[in-house]
Amino acid sequence: MKCCWLCDVVITPENNSKEHIIPQAIGGRKTVSGFICKRCNNKTGAKWDSSLLKFLEFITVFVNPSRTDGKRTPAVNATGDDGLEYLVHPRSIENPLVPVMKHPHVVEKSIGEDRGIIEVTSGSEAETRAILEKMKKRKYPDIDVDEEMANATRTKSYPRLTHNIEFNRNCRKSIVKTALALACSNGVRREDCQYAIDYLQRPNSADYEIVFFGGKQIIPTPKDWHSIFTMQVENRLVSQVSYYNGFHFLIILSQDYVGEFVAMSYAVDPVSGMEIDRGNWLEVFGIDDDDL
Ligand SMILES: [Zn+2]
């Protein structure tokens with residue numbers, strides 16, 4: 001009898017779910033079934049995974065992962081140092097990742113009885129022209145749109161963007177869930193991961209450490225892959241989860257692991273969606289794959 005790793009309900013064909021080990025929205029492909037129930041899948045996707053995606057959203061528009069569900073990476077909101085709101089659309093061949101002004105900026109100033117100045121700032125020539133044409137039609141019939149456009153200032157400088165990111169408890173829980181999902185798909189038993197499951201089941205649990213380390217990984221992977229490496233270290237079951245090869249987390253799944261020696265890995269290229277064989281990664285620890 002299999003139980004959901006998060007809520008203890010018995011997994012049946014009706015409530016079984018296919019959980020993406022790494023969230024699909026950042027290019028994860030591999031799924032695991034018999035891990036969590038449908039209800040937990042929906043709940044944790046909306047709460048935990050969405051917080052993680054928010055944390056990673058700026059690098060996600062930069063990498064622009066491919067997805068199997070046909071959805072596109074959403075544009076990211078940011079504030080420019082000019083005080084205006086911008087949108088950054090996912091990078092593609094047609095879109096070289098430049099911020100687009102979210103709302104054009106229009107200022108009308110009076111400089112005399114029936115004289116005035118209109119300042120229009122927008123993200124494109126077409127948008128400025130459309131604004132001027134609308135104003136001409138509605139309010140200022142004397143505007144010579146062609147002449148104004150010919151005299152307009154064009155700049156290719158972009159504002160410095162401010163974007164707030166928050167790494168919160170929901171992000172942590174999503175990452176722990178990912179490490180557990182890989183363990184489950186490799187046959188590790190639920191009862192051997194109770195330490196991490198306890199953390200996920202307690203709503204306000206704070207006494208669980210996820211080590212977030214920046215630049216250097218223990219087990220290196222090239223390019224902007226996502227990767228998970230899990231192995232037994234003495235009586236612990238430890239995972240390294242890396243997103244975009246830039247955000248690395250060390251997670252403990254078990255503090256009193258007594259099963260057989262385990263070592264597992266999963267690495268995926270978020271752009272092509274290809275699963276990548278990391279080769280003999282255990283050599284980092286002086287362990288030869290062939291000895292297992
Ligand atoms: Zn459940």
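This section describes helix packing, strand pairing and selected local environments in a predicted model.

The packing of helix α1 (residues 38-55) against helix α5 (residues 169-185) is considered first. Two packed helices are described by the angle between their axes and the distance between the axes. For α1 and α5, the axes come within 8 Å and cross at roughly 105°. Angles of 65 to 115 degrees count as roughly perpendicular, and α1 is therefore roughly perpendicular to α5. On the α1 side, the contact involves Thr 44, Lys 47, Trp 48, Asp 49, Ser 51, Leu 52 and Phe 55. These residues meet Asn 170, Cys 171, Lys 173, Ser 174, Ile 175 and Lys 177 of α5. Classified by residue type, the contact of α1 with α5 comprises five nonpolar, four polar and four charged residues.

Helix α5 was also examined individually. A rise of 1.5 Å a residue predicts a span of 24 Å for its 17 residues, and the end C-alpha atoms of α5 are 24 Å apart, in agreement with that expectation. The helix is mostly covered, with 14 of the 17 residues of α5 buried. Gly 187, which follows α5, has a positive phi near 85°.

Strand pairing was analysed next. Strands of a sheet pair through backbone hydrogen bonds, either parallel or antiparallel. In the model, four strands make up an open sheet in the order β5-β4-β3-β8, and their pairing is antiparallel. The edges are occupied by β5 (100-101) and β8 (161-162); each has a single partner strand, so one side of each has no neighbour in the sheet. Strand β3 (residues 76-80) runs antiparallel to β8 and is joined to it by two bridges. Thr 79 has Thr 162 in β8 as its bridge partner.

A further antiparallel pair is formed by β6 and strand β7 (residues 116-121), which are linked over six bridges. Ser 110 is bridged to Gly 116 in β7. The two strands, β6 and β7, constitute a hairpin with five residues between them, and Gly 112 in the turn adopts a positive phi of about 155°. Strand β6 (residues 105-110) lies largely in the open, because the number of buried residues among its six is zero.

Individual residues were then considered. Ser 17 is located in the segment before β1 (19-20). This residue counts as partly exposed because Ser 17 has 19 C-beta neighbours inside 10 Å, whereas a buried residue requires 20 or more. Beyond neighbours within four places in sequence, Ser 17 is in contact with Ser 33, Ile 36, Cys 37, Lys 38 and Asn 41. A C-alpha separation of 25 Å is found between Ser 17 and Val 262, which are 245 residues apart along the chain.

Phe 58 belongs to helix α2 (residues 57-63). Having 14 C-beta neighbours inside 10 Å, Phe 58 counts as partly exposed. When neighbours within four places in sequence are set aside, Phe 58 is in contact with Val 76 and His 163. The C-alpha atoms of Phe 58 and Thr 178 are 21 Å apart, with 120 residues separating the two in sequence.

Positive phi values also occur at non-glycine positions. Asp 8, in the segment before β1, has a positive phi of about 75° although it is not a glycine. With 11 C-beta neighbours inside 10 Å, Asp 8 counts as exposed. Asn 64 lies in the loop between α2 and β3, and its phi is positive at about 55° although this residue is not a glycine. Asn 64 has 18 C-beta neighbours inside 10 Å and therefore counts as partly exposed.

Definitions and conventions:
Residues are numbered from 1 along each chain as its sequence is written. This is a predicted model: local features need pLDDT of at least 70, side-chain atom pairs count only at pLDDT 80 or more; totals for chains, interfaces and linings use all residues. Axes are lines fitted to C-alpha atoms, for helices over the stretch in contact, and angles run from 0 to 180 degrees between N-to-C directions. Angles under 35 degrees count as roughly parallel, over 145 as roughly antiparallel, 65 to 115 as roughly perpendicular and the rest as oblique. Two residues are in contact if their C-beta atoms, placed from the backbone, lie within 7 Å. Ala, Val, Leu, Ile, Met, Phe, Trp, Tyr, Cys and Pro count as nonpolar, Asp, Glu, Lys and Arg as charged, and the others, Gly among them, as polar. The expected span of a helix is 1.5 Å times one less than its number of residues. A residue is buried if 20 or more other C-beta atoms lie within 10 Å of its own, exposed if 12 or fewer, and partly exposed in between; C-beta atoms are placed from the backbone. Two strands pair if DSSP finds at least two bridges between them.
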